[in-house]
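Dear colleague,

I am handing over the structure below, and after it you will find an account of what was found. Please read the text with the structure open beside you.

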Amino acid sequence: MPDLARADHMAVAAPAGFASRLIVDLDALRRNFAALAAHVRPARCAAVVKANAYGLGARPVAAALLREGCRHFFVAQLCEALEIADTLDAGCTIFILNGLEPDDQRLCAERGFVPLLNSVQQVEAWRAAAVARQRRLPAALQLDSGMSRLGLSPAELVRLAGDSDLVRHLSLRLLVSHLACADSPRHRANRTQLARFAQARALFPGVPASIGNSAGAYLDSAFRCDMVRSGLALYGAAASLAAPPPALVVRLEARVLQLRDVSAGCGIGYGLDDVASTPRRIATIGFGYGDGWPRSLGGGRGAVRFGDAVLPIVGRVSMDSMMVDVTEMNGSEPNCGDLVELIGPRQSIEAVADAAGTIPYEILTRLGNRAQRMFIEGGNTLIQPAGFRA
Ligand SMILES: *Cc1c(COP(=O)(O)O)cnc(C)c1O
């Protein structure tokens, strides 16, 4: 299988039974992990695989990262930990970012997941669970160092640090905080949050600490602490202007469903918002907002690619399809059944996000629920779900 950056749009046949395909280059994912791990050393690099590994497929992604030497994984909720747990091995740790709900305690304890404790109530409930089980339970403490999202206040951490009974019942694996402005390297808040985090670290000597996400890995080295938690950079989007461009992991392609010539004055798509001012040739593509493509890309704000040609989206994006203008291709336009590129070497995730008025995270996490996913690693291909062949 050719690497994604060089693969031609016709290199792989359209998926049987599907209108679109998401190709995930696990070799590129592994290269991104290896590069980031080398960059942050001696700090460790952990992988954030929440939200189905940002829409790419949590199990194949986690398994590939494990093969690359990753041992620390972060998910948002218990169900995501359960989904990947059996693809990992005993030397791995899964942290649950969103905290610990009372209903989740039993499974969390049995399976050895490490919850981030985000409130005093969560600390007390987990301590009580440890007492009831008569064994120490693993935990991470999260400090809200200034983002006002999740975590304990500095004062609450001071009180917990003075409570010697805590570590009799809880084995503290990590002290965590999260930066609000890591993608703006010069933002004052980064230093303020780091200073508050340093005070918290001093309260828990010997407990490893982590404040940086992908972008945080490219702030100065003080932000790496003992562990960097990376998501976006692994999946091939630039985490910050300071970061080198990552290897391309994702390629999204969709089929041309139909071609038609429309005469001047014809409306195109729902609401007939766009009207052809001259005769146009229109291709309908099998990808829409029901596949996770933003509706905000309609009306010419977004495009798809066919080879080097840019095909602007005309009219509103529908649930299962959208129309693109191929008039300028003068006969070299794609045929029915051909695949056009929505994301790949010619159209980056960042470019799509910019055009849609959002961030690469939102683009990625919305994709992949309906497209056939194809995972490439070491010359092998795994297809999920399989296509239908007559
Ligand atoms: C999502 C998340 C990350 C990963 O962020 P990226 O910018 O994708 O690297 C790290 N830490 C926390 C707490 C998160 O919620």
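**Strand β18 and its partners**

In the pairing of strand β18, D25 has I376 as its bridge partner. Please keep in mind throughout that this is a predicted model. The pairing in question joins strand β1 (residues 20–25) to β18 in the parallel sense, over five bridges, while on the hairpin side β18 pairs with strand β19 (residues 380–384) in the antiparallel sense, also over five bridges. Within that antiparallel pairing, R373 has Q384 of β19 as its bridge partner. Two residues lie between the strands of the hairpin formed by β18 and β19, and G378 takes a positive phi there, near 55 degrees.

How many of the six residues of β18 (residues 372–377) are buried? Six of the six are, so the strand is largely enclosed by the rest of the structure. In a regular strand the side chains alternate between the two faces of the sheet. Both faces of β18 are covered, with Q372, M374 and I376 buried on one side and R373, F375 and E377 buried on the other.

**The open sheet**

There is also an open sheet of eight strands, with parallel pairing, whose order is β8-β7-β6-β5-β4-β3-β2-β9. Its edge strands are β8 (209–210) and β9, each of which pairs on one side only. Strand β6 (residues 137–142) runs parallel to strand β7 (residues 170–176), the two being joined by six bridges, and in this pairing A139 stands opposite L172 of β7. Strand β4 (residues 93–96) runs parallel to β5 and is joined to it by two bridges, with P115 of β5 as the bridge partner of I96. Like β18, strand β5 (residues 114–117) is covered on both faces, since V114 and L116 on one side and P115 and L117 on the other are all buried.

**Cores and the helices around them**

The largest nonpolar core has 120 residues, and those with the most contacts inside it are V49, L65, F73, W126, L170, Y235 and W293. Helix α1 (residues 26–40) gives the most to this core, with seven residues. A second, separate core has six residues, among them V262, I282, V314 and M323.

F73 is worth following in the viewer: leaving aside its neighbours within four places in sequence, F73 is in contact with A47, V49, A62, L65, L66, I84, L88, C92, T93, I94 and F95. Of these contacts, A62, L65 and L66 are also among the buried residues of helix α3, together with A58, P60, V61, A63 and A64. Helix α3 (residues 58–67) is mostly covered, with eight of its 10 residues buried, and it is followed by G69, whose phi is positive, near 105 degrees.

L66 can also be set beside D89, a residue in the loop between α4 (78–85) and β4. The two are 23 residues apart in sequence, and their C-alpha atoms are 8.4 Å apart in space. D89 is partly exposed, with a relative accessible area of 39%.

Two further helix residues were examined. N32 lies in helix α1 and, at 8% relative accessibility, counts as buried. Beyond its neighbours within four places in sequence, N32 is in contact with A233, L234, G236, P246, A247 and V249. H169 belongs to helix α8 (residues 166–169) and likewise counts as buried, at 15% relative accessibility. Its contacts, with neighbours within four places in sequence again left aside, are R127, A130, V131, R135, R136 and L137.

**The largest pocket**

The largest pocket holds about 720 Å³ of space. Which of its 38 lining residues are the closest to its centre? They are Y54, H178, L179, N213 and Y361. The elements that give two or more residues to the lining are α2 (50–54), β9 (227–230), α10 (349–356) and α11 (360–366), so that edge strand β9 of the open sheet appears here again. By class, the lining has 19 nonpolar, 12 polar and seven charged residues.

With best regards

Notes. Residues are numbered from 1 along each chain as its sequence is written. This is a predicted model: local features need pLDDT of at least 70, side-chain atom pairs count only at pLDDT 80 or more; totals for chains, interfaces and linings use all residues. Side-chain values use heavy atoms; hydrogens and water are left out. A nonpolar core is a set of buried Ala, Val, Leu, Ile, Met, Phe, Trp, Tyr and Cys residues joined through side-chain atoms within 4.5 Å. Buried means under 20% relative accessible area, exposed over 50%, partly exposed in between (1.4 Å probe, protein chains only). Helices (H or I, at least four residues) and strands (E, at least two) are DSSP runs, numbered from the N terminus. Contact means heavy atoms within 4.5 Å. On a 1 Å grid over the protein atoms alone, a cavity is a set of points where a 1.4 Å probe fits but cannot get out, and a pocket is an open set with protein on both sides within 12 Å along at least five of seven lines; lining residues have an atom within 4 Å of a point. Grid points are joined across faces, edges and corners, and a volume is the space filled by probe spheres set on the points. Ala, Val, Leu, Ile, Met, Phe, Trp, Tyr, Cys and Pro count as nonpolar, Asp, Glu, Lys and Arg as charged, and the others, Gly among them, as polar. Two strands pair if DSSP finds at least two bridges between them.
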